[in-house]
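Here is a quick walk through a small protein model, written for someone who would rather be at the bench. Have the structure open while you read.

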Amino acid sequence: DCDDMVVLLGTLLESVGHKCRAVAMSWNGDDCYEHVTLETRCGNQWINLDPTEPVEPGFWPDPPPTQVMRVFF
């Protein structure tokens, strides 16, 4: 379940000093978010991490979500 995995990964990364934020995504254009990933700060940029999919760090869904909400831990 994506939200649980994001909380676990974010907690682990924050415990060793990485800033993190959750990214809720919607493809319907409404406030019903369908997926959550994690972004962590690496140098001057935020890197997207999806702990529920076998994808590389930095992966962004295609098609991109129509609505995104970022929430800091």
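Is S26 buried or exposed? With a relative accessible area of 0%, S26 is buried. Keep in mind throughout that this is a predicted model.

## Around S26

S26 sits in strand β1. Leaving aside its neighbours within four places in sequence, S26 is in contact with C32, Y33, E34, P65, T66 and Q67. There is also a C-alpha separation worth a look: S26 and M69 are 43 residues apart along the chain, yet their C-alpha atoms are separated by 8.8 Å.

One of those contacts, E34, belongs to the loop between β1 and β2. E34 is partly exposed, at 38% relative accessible area, whereas S26 is buried. If you again skip the neighbours within four places in sequence, E34 touches M25, S26, W27 and N28. Between the C-alpha atoms of E34 and P65 there are 9.6 Å, with 31 residues separating the two along the chain.

## The overall layout

Zooming out, the protein chain has one helix and four strands, and reading along the sequence gives you α-β-β-β-β. Put a box around the C-alpha atoms along the principal axes and you get roughly 35 × 20 × 20 Å. The radius of gyration is 12 Å, which agrees with the value near 11 Å that a compact globule of 73 residues would have.

How far along the sequence do the contacts reach? Take the contacts between residues at least 6 apart in sequence: 53% of them join residues at least 24 apart. As for the surface, the protein chain exposes about 4,700 Å², and carbon and sulfur atoms supply 56% of that. Buried residues account for 32% of the 73 residues.

## The nonpolar core

The largest nonpolar core has nine residues: C2, V6, L13, C20, A22, V36, L38, I47 and L49. Four elements each give two or more residues to this core, namely α1, β1 (20-26), β2 (35-42) and β3 (45-49). The top contributor is α1, with three residues.

V6 is a good place to look at this core up close, being one of its members. Beyond its neighbours within four places in sequence, V6 is in contact with A22, V36, T37, L38, P51 and F73. A22, V36 and L38 are core members too.

## A salt-bridge network on E39

Now for the charges. Side chains of opposite charge can pair when their charged atoms come close. A search of the whole structure turns up two salt bridges, and R21, E39 and R70 are linked in a network of them.

The pairing of E39 with R21 has its closest N and O atoms 2.6 Å apart. E39 lies in strand β2 and R21 in strand β1, so this pair ties together parts that are 18 residues apart in sequence. Both E39 and R21 are buried; for E39 the relative accessible area is 5%.

E39 also forms a salt bridge with R70, where the closest N and O atoms are 2.9 Å apart. That pair links distant parts of the chain, with E39 in strand β2 and R70 in strand β4 (residues 67-72), 31 residues apart. Is R70 buried or partly exposed? R70 counts as partly exposed, because its relative accessibility is 41% and buried would mean under 20%.

## A nonpolar patch outside

Not every nonpolar side chain is tucked away. M5, L8 and L12 make a nonpolar surface patch of about 270 Å². L8 is found in helix α1 (residues 2-15), the helix that also gives three residues to the largest core. With a relative accessible area of 48%, L8 is partly exposed.

## A cis peptide bond

One backbone detail to finish. Which peptide bond is cis, with omega near 10°? The one from D62 to P63. P63 has its place in the loop between β3 and β4.

Definitions and conventions: Residues numbered from 1 in each chain as written. Predicted model: local features only at pLDDT ≥ 70, side-chain atom pairs only at ≥ 80, totals over all residues. Heavy atoms only, no water. Patch = residues over 30% accessible without salt bridge, like charges linked within 9 Å, V, L, I, M, F, W, Y side chains within 5 Å. Areas by Shrake-Rupley, 256 points an atom, 1.4 Å probe, with all protein chains shown as cover. Salt bridge = Lys/Arg side-chain N within 4 Å of Asp/Glu carboxyl O. Buried < 20%, exposed > 50% of the residue type's maximum accessible area, 1.4 Å probe, protein only. Rg over C-alpha atoms; globule rule 2.2 N^0.38 Å. Contact = heavy atoms within 4.5 Å. Core = buried A, V, L, I, M, F, W, Y, C linked by side-chain atoms within 4.5 Å.
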